[in-house]
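Biologist: Please take a close look at one part of this structure, the packing around a single helix, and explain it to someone who has not met it before.

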Amino acid sequence: MLKKKSAVISLASIMFMSALTGCNTKTNSSEPSSPPTSTSPSPDAATPGKTEEPLKFKVFYSDNATLPFQKDWLVIKEVEKRFNVDIDFEVIPIADYQTKVSLALNTGNNAPDVILYQSTKGENASLALNGAIVPISDYSDWTPNFNARVKEFGLEKEVDALKLKDGKRYYLPSLYDKPFYDGGLIMREDLLAKYQLDAPKTFDDLYTVLKKFKEENPDSYPLTILAGPRVLYRMTMPSFGISVGKNGASGTNTLSWDYDKQTYFPGAISDEYKEYMKFFSKLYAEGLLDPEMADPIDGDKWSQKLATGKSFATYAYYDQIGGVESAATEPGFKLQMYPPLEGPAGAHHQPKSSTGSGILFPKKTADRPDFERLVKAIDEIFYSEEGAKIWCLGVEGQTYTMDGDKIKYADEIVNSPNGIYKEMQLKYGAGSDVTQMVWVNAREMTKYDENYSQINATVAAMDNAIQSIPPTPMFDDMTAEEASSLQTPLSDTFEVWADGFLTGKKNLDKDWDQYVKEMKNLQIERFTQLYNDNLK
């Protein structure tokens, strides 16, 4: 393990979206004006009269079963050709990704040159402060495209907030200009009409609708979930005033943010959480919630459940509607996505940020004689306007053409049963959260239909439907170590009990006190205090 230094750590997770456009070469004034003095000659300059060899580097890539990596994706081939690079992708299943990243950074063994889909939250903050990750803000002059994106979209404060206590930032985040409502409750609109039901606006309405679906189709499980409970939880908990679990907004798994009081509270043992679990455990007990959702449901199986009438509602993403509708076996089959439902705390979707997971460089990468060339290449590949368009849109003339300032997608993409967004992802690799670092809302909306734009307009008009990511506390090294030692057993225990409460293996009335006692014995109150005592 790396020797510890005195410093600061942030243990919270950051999530998603918004975007950017345009770029210039002016350095962001919030970053250091020049990098440390290089100890080797600049590798950028090719020998006069000689073509520069492609820049070779290895990358960790987080692979999601709903968007399986393909080494021959058009965007990858185009980036390699356009920017004269040769990228060696080590593709790692998302479930194993953080473990693999942690091992590489902790030991230094088998670490790649570049790691995608990362931030300096949780363990990575400690590793950064202990020297395992390159402080990329020290090399600001080498990232002009990133700097320009940050400035043009007014994200200086958000990016500055990603620095650790030593005043350095250790990764290049993905950047978003506006949050957009990319997923939520999706239901059979045709069945709502058939059964003369209004679209649900509250969770009580949802219960009524699901009961009717079950009554008409006794062998069904009306509500199914893509990829397991985490998707359901992150999209619905905010309406109950909490956000806990593996995709909780704070990244702690067990704490939640009180937006009114501006403090953390132990969400995992709160009355809000108990009320939340009562609702969904009731759905589970009455056969309204798919029992297989306790384990991750892969995309194909999930799609078949909806397409064949085994389920009629889900929490998932809008871009997946087209693929399900094309596989439907019933005439008149139509899915629709609806705004966040109102719960005890209002109508809210998962919190989002203007910065997201991005790119970091393990310590050993800085030892490369061509480190400067590598950093400049990464900056251009991912943050230049040219690179950003490739990762988002593919290749002009193949996946799309321009009609003035309007994007027109190729006919085969427009007519794909998957829909434009998903077809672009699956066939061409465009629009992946792992590789797309610049998200321009207006550009993204071109991949969707008018219906989706209208849904986004509706959600935008709601009262704070998409809340901000909770603030990140900053710990000194000793406090960070204490917080980390508390977080793991609390998280593990919470996950066991959450599954028990949802599936009925544990009784919310009879076993709740025992659960709370166990979490308190694991010092969840001390964990909460550490977070509140170290807010900026």
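Modeller: What follows describes one helix and its two contacts. This is a predicted model, in which local features need pLDDT of at least 70 and side-chain atom pairs count only at pLDDT 80 or more, while totals for chains, interfaces and linings use all residues. Residues are numbered from 1 along each chain as its sequence is written, and side-chain values use heavy atoms, with hydrogens and water left out.

The helix in question is H9, residues 271–285, where helices are DSSP runs (H or I, at least four residues) numbered from the N terminus. Its axis and that of H8, residues 229–236, come within 13 Å and cross at roughly 130°, the axes being lines fitted to C-alpha atoms over the stretch in contact and the angles running from 0 to 180 degrees between N-to-C directions. H8 and H9 are therefore oblique to each other, a word for angles that are not under 35 degrees, over 145 or from 65 to 115. On the H8 side, Leu232, Tyr233 and Thr236 make the contact (heavy atoms within 4.5 Å), and they meet Tyr276, Met277 and Phe280 of H9.

With H18, residues 477–503, H9 packs at an angle of about 45°, the axes lying 7 Å apart, and that makes H9 oblique to H18 as well. Here Tyr273, Met277, Phe280, Ser281 and Tyr284 of H9 meet Phe494, Ala498, Phe501, Leu502 and Thr503 of H18. Met277 and Phe280 of H9 thus appear in the contact with H8 and also in the contact with H18.

Notes
Helix = DSSP H or I, 4+ residues; strand = E, 2+ residues; numbered from the N terminus.
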